[in-house]
Amino acid sequence: MLLFGRGAQRLFAFVAVMMLVLGVILSGFYFLSPRASLRMTSGFPGTAADKFVKAFVAGAAARYRMVKVSLVPVQSYAESSKALENGKADIAIVRTDIAPPSNGATVAILRRDAVVLVVGPGSRVKSPADLIGKTIAIPQSPVQDDNSRLLDQLLAYFDIAPDKVKRVFLPVAETGAAIQRKHAAAVLAVGPIGPGEAVNVVTSIAKATRGTPKILEFDEADAIAKRFPGFESIDIPAGAFRGRPEVPDDTVTSVAVTYRIVVPQTMLDVIAGMIGKSIIDTKDKLMASLPMVSQIEAPDTDNPSPILPVHSGVANYFNSGDQSFLDSLQQYFYVIGIPLSFLGSLGAVFFGQVQGRKMANDQKQIYQLLVYADAARTADAAELDRLEAAFNAAVTDYVNRIATKGGDPGQAPISSLAIDHARRAFDRRRMDLREQKPTTPGPAVGQAGADKMRGSGPETTAQ
C-alpha cells in the first residue's frame, strides 16, 4: 500500500511551488527595492521652509531613484494640515499651534520658534497679564494672521478677551519706532533662538529707543503648554537675541511652537523611516548653503508631542539605526506569514483527513469486490446471478464516484485487478456449472465476511 496518495503528493508539490514563488518575490524586493510616489506640501514662497522643501525634494530624487516626491501647493499651514487629513498629501509641514492634522505623526522637527513679547526700556508692562487695553505690534509676514491667533490663545490663558488688545501689523524695521512713539506697548515676535524675527525686533527697538529692550517672562509656560498642546515650554538663554548688552539679561522662560514634518500614522514603518533618514541626510549636506537646516532635529521619542506623536517607523530608525529593506519588512512578513502558516496547517490536516476517508472507502470497495469473487466459487446458478448483479452495481458505483467525487487515482490499478479477478471468478463458475463439474472451494471469505464487510470495513486483506 502507498504511504501517501497522489492527492497528498499534489499538496506537497503545491506547497513547494508556493515557497519557490515566495522566494522569487522576496528576492525581487531585495534587488529592485520598492517604488514609491510621495506627495509633499510646499512651504510659502520665499520662506526658509519653502527653501528646505525644494532642497529635500531635489535631494530625495538624487539619492532614492525609486522614490518620486512631488509638491502639493498650499497657501497656509492650516491648508497643509488639511491636505494630510484628506489624503491629498503624504508628507506635510505643519505648525503645532495651527490646526494640527488628527491623523499626523511626526517624522522630524524642522524648526522650533520661541514666542516672545518684547517691550521697550522702562516699560510698565511687566507680564503678559498687563497687556489688557494695550496695543501690540505684530511684524508683517506670510504668517502674521496665524501669529495674531496665537496671541489670542495666550491672552485666553490670562482671561483677556481678544478685543481687549489692539493689534497693528508693521514691517519689522518699524516696530522699534512704534515702541519709541508709544504707538505700541509690546511687539510679538515668533522666531528661532538665533538669527530671525526675534533678533530683528530686538535690534529695531534697541536702535529706536537707544536702550535695552526687555523680554516678558511666561512663568506659567508649563501650564500654558498643558492647556494648549500646540505650545511647549522653552528656556531662552541670556544674550540669545543680543550680545551687548545682553537681551535677555538672564535666562527667561517662554513658550514655543514647532514646525514639524508629519506623515499619516498609517504609513508603513519602512517608508516613514526612509523619510526620516532622508531628512537627516539632507541636513548634513545643506547646512553650509542653507543655514536654517541646522535647526532640524530628530523628534524626542521619550517625550512625544500629545497631538503629533512620533511615527513608529521613525522611532525604530532613530533607536535602532539604519536597517536594510528586508529587515524593515520583516515585521510585516511575521504578521502575514504566521496566520497564513497556521491556516495552511489547518488546511493540510483537513485535506489529509478527507484523503484518508477517500482511501478507506476505496479500500473497502476493493475488499468487497474480492468478497464477491470468493463467494462466486461455490455459488449455485441463482446465487451466482445475484452475486453478479451486486458485483456489477458495485463496479458502476465505484466508477461513478471516481468520475464525480475524485477518488484516489493511486488506487485505480488495484481496483482494476480486483474487478478483473472477480469477473474471472464469475466466468469460471458459470463454466463449471455448465459442465456440472464439482467445485474445489478455496480459502473463502464467505458470506460471513461479506456481512462483516458491510458492517464495519476490512480488517485483513484477501489474498
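## Overall fold and selected elements of the predicted model

The structure described here is a predicted model, and its average pLDDT comes out at 78, with 70% of the residues scoring at least 70. Two stretches fall well short of that. Residues 323-335 have a pLDDT below 50, and this stretch makes 15 contacts in the model beyond near neighbours in sequence. Residues 452-463 also sit below 50, again with 15 contacts beyond near neighbours in sequence.

Now for the overall picture. The protein is built with 13 helices and ten strands. Of its 463 residues, 43% are buried. Among contacts with a separation of 6 or more, 77% link residues that are 24 or more positions apart. As for the outside, the protein exposes about 24,600 Å², and carbon and sulfur atoms supply 57% of that area.

What about the inside? The largest nonpolar core holds 36 residues, and those with the most contacts inside it are Leu 38, Phe 52, Tyr 77, Leu 110, Ile 275 and Ile 279. Several elements give two or more residues to this core: strands S1 (36-41), S4 (104-119) and S10 (252-264), together with helices H2 (48-63), H8 and H9 (312-320). Helix H8 provides the largest share, seven residues. Another core lies apart from this one; it has 25 residues, including Leu 154, Leu 155, Ile 224 and Phe 228.

Helix H8 deserves a closer look. Running over residues 269-286, H8 has 18 residues and spans 26 Å from its first C-alpha to its last, close to the 26 Å expected at 1.5 Å a residue. Because 15 of those 18 residues are buried, H8 is largely enclosed by the rest of the structure. One residue of this helix is Ile 279. With a relative accessible area of just 1%, Ile 279 counts as buried, since that value is under the 20% cut-off. Leaving aside residues up to four places away in sequence, Ile 279 touches Phe 52, Phe 56, Val 107, Ala 108, Ile 261 and Ile 296. The chain also brings Ile 279 and Ile 109 to a C-alpha separation of 9.8 Å, although they are 170 residues apart in sequence.

Helix H4 covers residues 144-157. Its 14 residues reach 21 Å from the first C-alpha to the last, close to the 20 Å expected at 1.5 Å a residue. The buried residues of H4 are Gln 144, Asp 146, Asn 147, Ser 148, Leu 150, Leu 151, Leu 154 and Leu 155. Of these, Leu 154 and Leu 155 also turn up in the core of 25 residues. Just after H4 ends, Asp 159 takes a positive phi of about 60°.

Strand S5 is mostly covered, with five of its five residues buried. Thr 135, Ala 137 and Pro 139 point one way from S5, Ile 136 and Ile 138 point the other way, and all are buried. S5 pairs with strand S6 (residues 166-170) in the parallel sense over five bridges, and one of the residues involved, Ile 138, has Phe 169 as its bridge partner in S6.

Thr 135 belongs to S5, which runs over residues 135-139. Is Thr 135 buried or exposed? Its relative accessible area is 17%, which is under 20%, so Thr 135 is buried. Setting aside residues up to four places away in sequence, Thr 135 touches Lys 166, Val 168, His 183, Ala 184, Ala 185 and Ala 186.

How values were computed: Residues are numbered from 1 along each chain as its sequence is written. This is a predicted model: local features need pLDDT of at least 70, side-chain atom pairs count only at pLDDT 80 or more; totals for chains, interfaces and linings use all residues. Side-chain values use heavy atoms; hydrogens and water are left out. Helices (H or I, at least four residues) and strands (E, at least two) are DSSP runs, numbered from the N terminus. Buried means under 20% relative accessible area, exposed over 50%, partly exposed in between (1.4 Å probe, protein chains only). Contact means heavy atoms within 4.5 Å. The expected span of a helix is 1.5 Å times one less than its number of residues. Accessible areas come from the Shrake-Rupley method with a 1.4 Å probe; for residues, only the protein chains shown count as cover. A nonpolar core is a set of buried Ala, Val, Leu, Ile, Met, Phe, Trp, Tyr and Cys residues joined through side-chain atoms within 4.5 Å. pLDDT is the predictor's confidence in each residue, from 0 to 100. Two strands pair if DSSP finds at least two bridges between them.
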